Structures are given as C-alpha cells and as structure tokens.
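Trainee: I keep running into labels in structure write-ups and never know what earns them. Could we go through one model and check the reasoning behind each?

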Amino acid sequence: MKKVIVGLLGTLLFLTSCSPSINDDEVIKQEDEPEQNTSIVSSNQFSKEDYRTILPYRPSASRGVIVNQMGNRLDIDEMEQGLRRLSKEYYDPEKYFFEEGQYLEKDMMYNWLEREMTEQQLAVTIENYKENNVAKSKIEELKHENTLALNPTIKDDESVKQQKDNPKYLTHILEQNFLKKNEDNSVELVGMSIGIAMKSEYTFQIEDFGSSYHHEIPKSTMLKKGKKIAQTVLERIRKMEGLSEIPILIALYREEDQGSPVPGSFVAKTGVKGSDMSIGEWETVNEENILFPSDEGKEKYYDQQQLIQDFGKKIEEYFPNYVGVIGEGFYINEELKKLTLEIPLEFYGKGEVIGFTQYTYQLITEMFPDYYDLEVKIKSNNKMESIIYRSAGEEKPEVHIFDK
C-alpha cells in the first residue's frame, strides 16, 4: 500500500516547500494609483499555467455583486475559474499578472443588471420622489441610471405572461484584468476579460410568498440576447478612461438552475482587438459539467458513468454503510479534463477513515486512467475526512487525511 500523508502537517510542509522566497519577490509600482503605491509580485509560480498576482491583493471594484445575483454557488466558482482558464489563450500566464476587475464598480453593476423602466413606470417613480421631497439631483440620477439597465422592460409586474416573455436574462458581468511589468518596475494594464452570465432558467414570483414560476430560456435565445448585451458592454467599456485601446476577451456563460448539483459553463467567446468598437465573429466554447450518475451522463459519456458505477460496487463489497458515489466530469470538446468524485460515508473512528482511504486509493490506481485530473473527496456528516488527488499524467495520487 502506498504511503498516506496524515494530518495537516503534510499540507503545511507541502505549502512551505512550494512557497516562493520573499527575497525573490519583485517590487513594483501601481501606475494607476495617485501616489504609485509599492506592491509585490512573487517571482515564482506554483505552476506555469497559473497567473501570478500582485500584493497587496486588490479585490474587485464590484466585490459582492456576483454573490447577490447568481443563485447557484457552483456557478460563481465556475464562472470565475472558467474565465481565467479561457483568458490563458489570450494572455500568457508566464508574461502577465492577474488582478481582479478594477473598472466595473459595484453601483455601476447593479444599474446595468436592472430592468429598464417604461416611460410610465419612470414617471410614477419620479412622482413618488417628488412627494417625498427627494432632491432634484437624485431624480436626474434616476433618469440616467434607467438608461443603463440591460435587462428588458416589463409592462406589468403582475402578469405571468409578461414575466415569461421578458425574463431577466442577464445575471452578472465579471471583469478580470491582466498586467505586464515595465522596465522601470511599474505595471500597466494590457488586457481585460469580461464574462457575461446569462440565465438558462428564469424563476419569479407574482406575489410575495406566492408560488414560484420557472421559465426555461432556450440556448439560442440566450446567445442572441447575450451577444447584443456584449456589444453594449464593449461600447461602454471603451468610453472609460484607460480602456479605449486595450484588447478584450468577452465570453458568455450559461448558468444552471438554482438547484443543479453541477455548474453551468461558458458557451461562446470572442476576442476584440485594441481600439475596436464592435464585436466580430463569435467562437463556440464546447465545455460542459456532467453529473454522474445521471441520464445525461449515461447518454453522452456511457463509459465514464459505467466506470463510476463499477467503482461504487467495489466499495460496497467491503463497506456496508456506503450509500453511493456522486461524480462530476468537466469536459472540453467532449474530452474529459477533470473528474471529481464525492463519497459520503458514516465513520465511527479514525482507523476506519484510514482503512477506507487506503482501499479507495488502491481502486483508483487500478481502475481510473491517468489522462485527466482526478479528485476524490471522502466525507462524513458533511465533514471532509480525506482527499485523494492525482494530476493528469501522474502515476501516483496524493493523499491527505484530516486530523479533525
């Protein structure tokens, strides 16, 4: 049996050995700061495929908006990671640094994600403002903000038909920035990626605490609306200071419904050259996240589903309290890139955890090919007990068993 790393000590040792020396870090200047604050960029990367980041870390200017707008936590993570993954084709991680978006601000985002009011609705709102002695400047601000809304107008909030005919398509706009270091150790923005999240299912209520309605949005409709929104977003970005000349990657993300056990995926992308004001051709992004076991998994990727089920049967032979394996496969162009397996079990002691992890490790090395990343999470009562991970091309998995 292969060696098992037990406890947090192994993780700490691993992180220590991989962490770059502070003496090797690069000191740079942020050119867009009024006083050119000093920042640090690590001289090393954990992997050549990962971007280096600038410290101190500057969070997104629209921080928190994505959490408030996207209903499925899995979509939030996948959109952020997926946009960074697509960006590597345009901005080389070995040449450029990564930074969260600094131009699309929180208030701006909320204005863009709203529905545009009809003239009548706007007039009623303005009248309410006047009755409550709201400042004239606020009324003018309201008029301007209404012109920024990117979701469709709806005439009657209490009509199911109006809601279904005019769903809120747009959920979020994610910005990521890419910078390069100059000879004087300053950094400058050289590229931007924009992810536009669109709904696949629109859920709404007509009355507070009333019944929820679910309206499926066809992919063709979502793409048509998303491409139109992307053009508007590009035009607005080009008018912002410092962004008129930079190249921009724009990608459309199709969300899954709120209760989905797997996230959605990016479905289209386009690269816009510096100074271009219009979008040209779009390229299909063939990525998908598949749940195993499922009807979709059986239909599209029968061999992987069968392998996972055979794996589960092997576990069941020796552990009677086993309840099943839940799998998630990430595919690019129908080729499996990462398989994540989650095994929920009820354990009564640490020895049982170690024994089960050892047996699972053995099955992985015997049953699963090594051309994709593989991650196995062993849980008990929603608590992580151990993790087995193997990178694509590696022969031996890594193992971590948690102490507590």
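Mentor: Sure, here are some labels from this model and the reasoning behind them. Keep in mind that this is a predicted model. The protein chain has eleven helices and 18 strands, and buried residues make up 43% of its 404 residues.

Trainee: Let's start with two helices. What makes H5 roughly antiparallel to H6?

Mentor: The angle between their axes. H5 (residues 119-131) and H6 (residues 136-148) have axes that come within 10 Å and cross at roughly 160°. Angles over 145 degrees count as roughly antiparallel, so H5 is roughly antiparallel to H6. The crossing is also right-handed.

Trainee: Which residues of H5 and H6 make that contact?

Mentor: From H5 you have Leu-122, Thr-125, Ile-126, Tyr-129 and Lys-130, and from H6 there are Lys-138, Ile-139, Leu-142, Lys-143 and Asn-146. By class, that gives five nonpolar, two polar and three charged residues.

Trainee: Take Leu-142, then. Why is Leu-142 called buried?

Mentor: Compare its accessibility with the cut-off. Buried means under 20% relative accessible area, and Leu-142 has 11%, so Leu-142 counts as buried. This residue lies in helix H6. Setting aside neighbours within four places in sequence, Leu-142 touches Met-117, Leu-122, Thr-125, Ile-126 and Tyr-129. Thr-125 is 17 residues away along the chain, with 9.0 Å between the two C-alpha atoms.

Trainee: And what about Asn-133, in the loop between H5 and H6? What makes Asn-133 count as exposed?

Mentor: Here the cut-off is the upper one: exposed means over 50%. Asn-133 has a relative accessible area of 71%, so the label is exposed. Asn-133 also has a phi near 55°, which is positive in a residue other than glycine.

Trainee: Does that leave a middle class? Why is Ser-275 called partly exposed?

Mentor: Partly exposed covers what lies between the buried and exposed cut-offs of 20% and 50%. Ser-275 is at 37%, so that class fits. You'll find Ser-275 in the loop between strand E11 (265-272) and strand E12 (283-284), and it has a positive phi of about 80° although it is not a glycine.

Trainee: On to the rings. How do you know that Tyr-202 and Phe-204 are stacked?

Mentor: Two checks. Ring centres have to lie within 6.5 Å for a pair, and planes under 30 degrees apart count as stacked. For Tyr-202 and Phe-204 the centres are 5.2 Å apart and the planes are at 25°, so the pair is stacked. Both Tyr-202 and Phe-204 are buried.

Trainee: What makes Tyr-371 and Tyr-372 an edge-to-face pair instead?

Mentor: The plane angle. Edge-to-face needs planes over 60 degrees apart. The rings of Tyr-371 and Tyr-372 have planes at 90° and centres 4.8 Å apart, so the pair is edge-to-face. Tyr-371 is partly exposed because its relative accessibility is 44%, whereas Tyr-372 is buried because its value is 1%. The pair count comes to twelve aromatic pairs. There is also an aromatic cluster formed by Tyr-51, Tyr-90, Tyr-91, Phe-98 and Phe-178.

Trainee: How about a strand residue? Why does Thr-340 count as buried?

Mentor: Use the under 20% cut-off again. Thr-340 has a relative accessible area of 17%, so it is buried. Thr-340 lies in strand E15 (residues 335-344). Beyond its neighbours within four places in sequence, Thr-340 contacts Ile-326, Gly-327, Glu-328, Glu-375 and Lys-377.

Trainee: One more helix pair. How do H10 and H11 pack, and at what angle?

Mentor: H10 (residues 302-318) and H11 (residues 350-367) pack at about 145°, with axes 11 Å apart. The H10 and H11 crossing is right-handed. Among the residues in contact are Phe-311 and Tyr-318 of H10 and Phe-356 and Tyr-359 of H11. The full contact has eight nonpolar, one polar and two charged residues.

Trainee: Last one: where is the cis peptide bond?

Mentor: Between Phe-292 and Pro-293, with omega about -10°. Pro-293 sits in the loop between strand E13 (287-292) and helix H9 (295-300).

Notes: Residues are numbered from 1 along each chain as its sequence is written. This is a predicted model: local features need pLDDT of at least 70, side-chain atom pairs count only at pLDDT 80 or more; totals for chains, interfaces and linings use all residues. Side-chain values use heavy atoms; hydrogens and water are left out. Axes are lines fitted to C-alpha atoms, for helices over the stretch in contact, and angles run from 0 to 180 degrees between N-to-C directions. Helices (H or I, at least four residues) and strands (E, at least two) are DSSP runs, numbered from the N terminus. Angles under 35 degrees count as roughly parallel, over 145 as roughly antiparallel, 65 to 115 as roughly perpendicular and the rest as oblique. A crossing is left-handed if the near helix is turned anticlockwise from the far one by less than a right angle, and right-handed if clockwise. Contact means heavy atoms within 4.5 Å. Ala, Val, Leu, Ile, Met, Phe, Trp, Tyr, Cys and Pro count as nonpolar, Asp, Glu, Lys and Arg as charged, and the others, Gly among them, as polar. Rings of Phe, Tyr and Trp (its six-membered ring) pair if their centres lie within 6.5 Å; planes under 30 degrees apart count as stacked, over 60 as edge-to-face and the rest as tilted. Buried means under 20% relative accessible area, exposed over 50%, partly exposed in between (1.4 Å probe, protein chains only).
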